[in-house]
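Reader: I'd like a close look at one part of this model, the place where the ligand sits. Could you walk me through it, starting from the whole chain and then zooming in?

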Amino acid sequence: MQLEFFKYQGTGNDFVMVDNRTKFFPKENTKLIAQLCDRRFGIGADGLILLENDTETDFKMVYYNSDGNQSSMCGNGGRCLVAFAKKLNVIQKTTTFMATDGLHHAHISDDGLVALQMIDVSDVNVNPEFVFLNTGSPHHVQLVNNLEQYNVKENGSQIRYSELYGKEGSNINFVNQIDESTFTLRTYERGVEDETLSCGTGATAVAIAMNVLGKTDSCTINLNVEGGKLIVSFVKEDSVFKKVMLKGPAKFVFNGIIEI
Ligand SMILES: N[C@H](CCC[C@H](N)C(=O)O)C(=O)O
């Protein structure tokens, strides 16, 4: 069978996009999804995303990590899916869609950046060495020195597989503060089991965690990731983070047909 796919990337976090409105895609075939994401035997990506019809909203997002397993919310993937939906003329510049963590609003600005509303965050678990929170996916956030030389894969996998996070695991973010409202982060992603060039729910988690730790009083925070720059903004009501927006580029790279 021939599969038409569209390759997108958002600050270097890359995805295979499939228009699955006819429900043809074999969603239970974990091995196939992992193969499509394989950077040597397949197309190559951090994840695979299906665009499906939804009765209540413009479309539904189904997300798979590159290990082939369906997973929790992907912020960069959600932003790329909005750009893909525009390319398919499913939407124009604004949208509401359904994902595994509920409804998301998004808009495409004139400069092509895509802003995605993330879930509200109220539970932020502050520990002496790290912060843990869920921004649609689980995130461990830890400040480190010499982030540029830091061994993200080794240290990230150790924490991800430690008893701290059990069977579920977590994504692991290592952070360095640049100025009052700018941070650099590098992320070890669960389900990719490697460092990715960017993680949208991770950047969102870092922005919120740094505000909670008092490292910044700003509600609009710049996140420098390996693959580019993201901006996270929010409104803080009591200790609940609302109107959480993740903004950044979401680019079409190429499309093709692959035999599956
Ligand atoms: N690997 C994550 C999902 C993708 C998150 C990331 N790609 C993003 O942009 O949010 C997990 O299994 O929790």
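Author: Sure, let's start wide. Buried residues account for 42% of the 260 residues in the chain. Keep in mind that this is a predicted model. There are four helices and 17 strands in the chain, and the C-alpha trace spans about 55 × 35 × 30 Å along its principal axes. The radius of gyration is 17 Å, which agrees with the value near 18 Å that a compact globule of 260 residues would have. As for how the fold is wired, take the contacts between residues at least 6 apart in sequence: 64% of them join residues at least 24 apart.

Next, the split into domains. Domain 1 covers 2-116 + 249-259, and domain 2 covers 124-248. Their C-alpha centres are 22 Å apart, and the contact between them takes 21 residues from domain 1 and 23 residues from domain 2. On the domain 1 side, α2 and β7 (114-117) each supply at least two residues, with α2 giving the most, three residues. By class, that side of domain 1 has six nonpolar, eleven polar and four charged residues.

Now to your spot. The ligand lies between the two domains, because both domain 1 and domain 2 give residues to the shell around it. That shell has 18 residues, and the ones that come nearest are Cys74, Asn76, Ser137, Gly200 and Thr201. Two elements, α2 and α4, give two or more residues to the shell, and the largest share, three residues, comes from α2. So what is the shell made of, by class? There are three nonpolar, twelve polar and three charged residues around the ligand.

The UniProt record adds some labels here. Its unreviewed entry lists Cys74 and Cys199 under "active site". Those two are spread over 126 residues of sequence, yet they cluster in space, with a largest C-alpha distance of 7.8 Å. The "binding site" annotation, also from an unreviewed entry, covers Asn13, Asn65, Gly75, Asn76, Asn171, Glu189, Arg190, Gly200 and Thr201.

Let's take the two cysteines one at a time. Cys74 sits in the loop between β4 (60-65) and α2 (75-87). It counts as buried because 29 C-beta neighbours fall inside 10 Å, and 20 are enough for that label. Setting aside residues up to four places away in sequence, Cys74 touches Gly47, Tyr63, Gly200 and Thr201. Gly200 and Thr201 are also in the "binding site" annotation of the UniProt record.

Cys199 is in another loop, the one between β13 (194-196) and α4 (200-212). Cys199 is buried as well, since it has 35 C-beta neighbours inside 10 Å. Beyond its neighbours within four places in sequence, Cys199 is in contact with Asn13, Asn76, Asn171, Thr187 and Glu189. Of these, Asn13, Asn76, Asn171 and Glu189 carry the "binding site" label in the UniProt record.

Then there's the pair in helix α4: Gly200 and Thr201. Gly200 has 32 C-beta neighbours inside 10 Å, so it counts as buried. Leaving out neighbours within four places in sequence, its contacts are Gly10, Asn13, Cys74, Gly75, Asn76, Arg79, Leu230 and Leu246. Thr201 is buried too, because it has 29 C-beta neighbours inside 10 Å. With the neighbours within four places in sequence left aside again, Thr201 is in contact with Met73, Cys74, Gly75, Thr135, Gly136, Ser137 and His139. Cys74 turns up in the contacts of Gly200 and in those of Thr201, and Ser137, a contact of Thr201, is among the residues that come nearest to the ligand.

For contrast, here's a residue from elsewhere in the model. Asp58 is in the loop between β3 (47-52) and β4. Asp58 is partly exposed, because it has 17 other C-beta atoms within 10 Å. Apart from residues up to four places away in sequence, it touches Ala85, Val90, Ile91, Thr95, Thr96 and Phe97. From Asp58 to Gly156 is 98 residues in sequence and 36 Å in space, C-alpha to C-alpha.

Notes
Residues are numbered from 1 along each chain as its sequence is written. This is a predicted model: local features need pLDDT of at least 70, side-chain atom pairs count only at pLDDT 80 or more; totals for chains, interfaces and linings use all residues. UniProt positions are given in the numbering used here, feature names are shortened, and annotations may be inferred rather than shown by experiment. A residue is buried if 20 or more other C-beta atoms lie within 10 Å of its own, exposed if 12 or fewer, and partly exposed in between; C-beta atoms are placed from the backbone. Two residues are in contact if their C-beta atoms, placed from the backbone, lie within 7 Å. Domain bounds come from an automatic or database domain assignment. Ala, Val, Leu, Ile, Met, Phe, Trp, Tyr, Cys and Pro count as nonpolar, Asp, Glu, Lys and Arg as charged, and the others, Gly among them, as polar. The radius of gyration is taken over C-alpha atoms; the globule rule is 2.2 Å times the number of residues to the power 0.38. A residue is near a molecule or strand if its C-beta atom, placed from the backbone, lies within 6 Å of it.
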